[in-house]
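Here are a few exercises to work through with the model open in your viewer. Try each task before you read its solution.

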Amino acid sequence: MDDRVRLRILGISYSQLQSGAYALLLAEEDGPHKIPVVIGASEAQSIAIRIEGIVPPRPLTHDLFVSFAQAFGVKLREVFIYKFENGIFYSELTFSDGERTVVLDARTSDAIAIAIRAHVPIVTTAAIVRETGFILDDETDEETDTTVNTNEDLRQAAYFAEPKLENYAVEELERTLEQLIEDENYEEAARVSEILKKKKDRRDNPDAADSDGTRI
């Protein structure tokens with residue numbers, strides 16, 4: 001498809017906003033945009049191990065998945081990040097055994113962990129890049145090399161990549177609120193609680209409106 005954009009993995013940084021989560025940074029192969037994806041600790045570890053070329057003493061779950069597919073002659077063709085909704089990226093894996101092609105839905109973190117082991121393209125749509133991507137301040141149109149080369153650049157990118165609380169799913173907000181209360185960060189907890197209440201109101205009462213008459 002003409003509007004598909006190929007991505008590469010830029011790096012992983014700890015999410016300073018959501019405890020226990022990490023920001024996986026993706027980048028356009030032929031463009032300046034960076035795309036942040038919030039992932040869990042176990043998926044971050046699995047991706048980081050592969051990026052660093054570390055061979056664990058026993059196969060991880062993603063290693064086993066790829067080995068299993070290859071043992072039965074099934075090849076992963078690509079990972080496609082096809083939708084972004086309510087702060088969540090949705091992905092699908094395309095498999096083929098030479099005769100049949102099967103597309104399976106997957107969490108984006110798992111899909112990418114598998115993709116880097118199978119050495120297949122990671123792609124998304126131009127619309128998702130426009131909606132979720134950002135460009136670092138020191139990158140200009142004249143620059144052709146958009147690779148982030150230093151840890152400082154990665155930390156800067158992760159800072160801009162921090163997702164907005166408004167884009168979190170209800171379950172993510174509930175986990176974040178619980179952690180903030182445990183950390184006694186009550187000011188931030190109050191802000192998260194307010195956003196969580198509005199999201200639950202929208203989910204449970206889609207026709208409800210704010211006190212000023214606008215829909216919530």
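**Exercise 1. Find the residue that follows α3 and give the sign of its phi.**

Solution. Go to the end of α3: the residue that comes after it is H119. Its phi is positive, near 55°. Keep in mind that you're looking at a predicted model.

**Exercise 2. Work out how enclosed α3 is by the rest of the structure.**

Solution. Start by listing the buried residues of the helix, using under 20% relative accessible area as the cut-off. You should get T108, S109, A111, I112, A113, I114, A115, I116 and R117. That's nine of the 11 residues of α3, so the helix is largely enclosed by the rest of the structure.

**Exercise 3. Describe how α2 and α3 pack: distance, angle, handedness and contact residues.**

Solution. Take the axes to begin with: those of α2 (residues 61-71) and α3 (residues 108-118) come within 9 Å and cross at roughly 60°. Angles of 65 to 115 degrees would count as roughly perpendicular and those under 35 as roughly parallel, so α2 is oblique to α3. The crossing is right-handed. Now pick out the contact: α2 brings H62, D63, F65 and V66, while α3 brings D110, A113, I114 and R117. Sorted by character, these residues are four nonpolar, one polar and three charged.

**Exercise 4. Which elements build the largest nonpolar core, and which residues have the most contacts inside it?**

Solution. This core has 29 residues, and L26 and L93 are the ones with the most contacts inside it. Next, go through the elements: at least two core residues come from each of β1 (4-14), β2 (21-28), β3 (34-40), α1 (41-51), β4 (75-85), β5 (88-96), α3 and α4 (126-132). The largest share, six residues, is supplied by α3. Now zoom in on L26 and skip its neighbours within four places in sequence: what's left in contact with L26 is L7, R8, I9, L10, H33, K34, I35, V37, I81 and I112. Finally, look for a second, separate core: there is one of eight residues, and V170, L177, L180 and I195 are among them.

**Exercise 5. Is E188 buried or exposed?**

Solution. Locate E188 in helix α7 (residues 186-204). Its relative accessibility is 18%, so E188 counts as buried. For a distance check, take L177, which is 11 residues away from E188 along the chain: the two C-alpha atoms are separated by 8.4 Å.

Notes: Residues numbered from 1 in each chain as written. Predicted model: local features only at pLDDT ≥ 70, side-chain atom pairs only at ≥ 80, totals over all residues. Heavy atoms only, no water. Axes fitted to C-alpha atoms, helices over the stretch in contact; angles between N-to-C directions. Helix = DSSP H or I, 4+ residues; strand = E, 2+ residues; numbered from the N terminus. Parallel < 35°, antiparallel > 145°, perpendicular 65-115°, else oblique. Left-handed = near helix turned anticlockwise from the far one by under 90°. Contact = heavy atoms within 4.5 Å. Nonpolar A, V, L, I, M, F, W, Y, C, P; charged D, E, K, R; others polar. Core = buried A, V, L, I, M, F, W, Y, C linked by side-chain atoms within 4.5 Å. Buried < 20%, exposed > 50% of the residue type's maximum accessible area, 1.4 Å probe, protein only.
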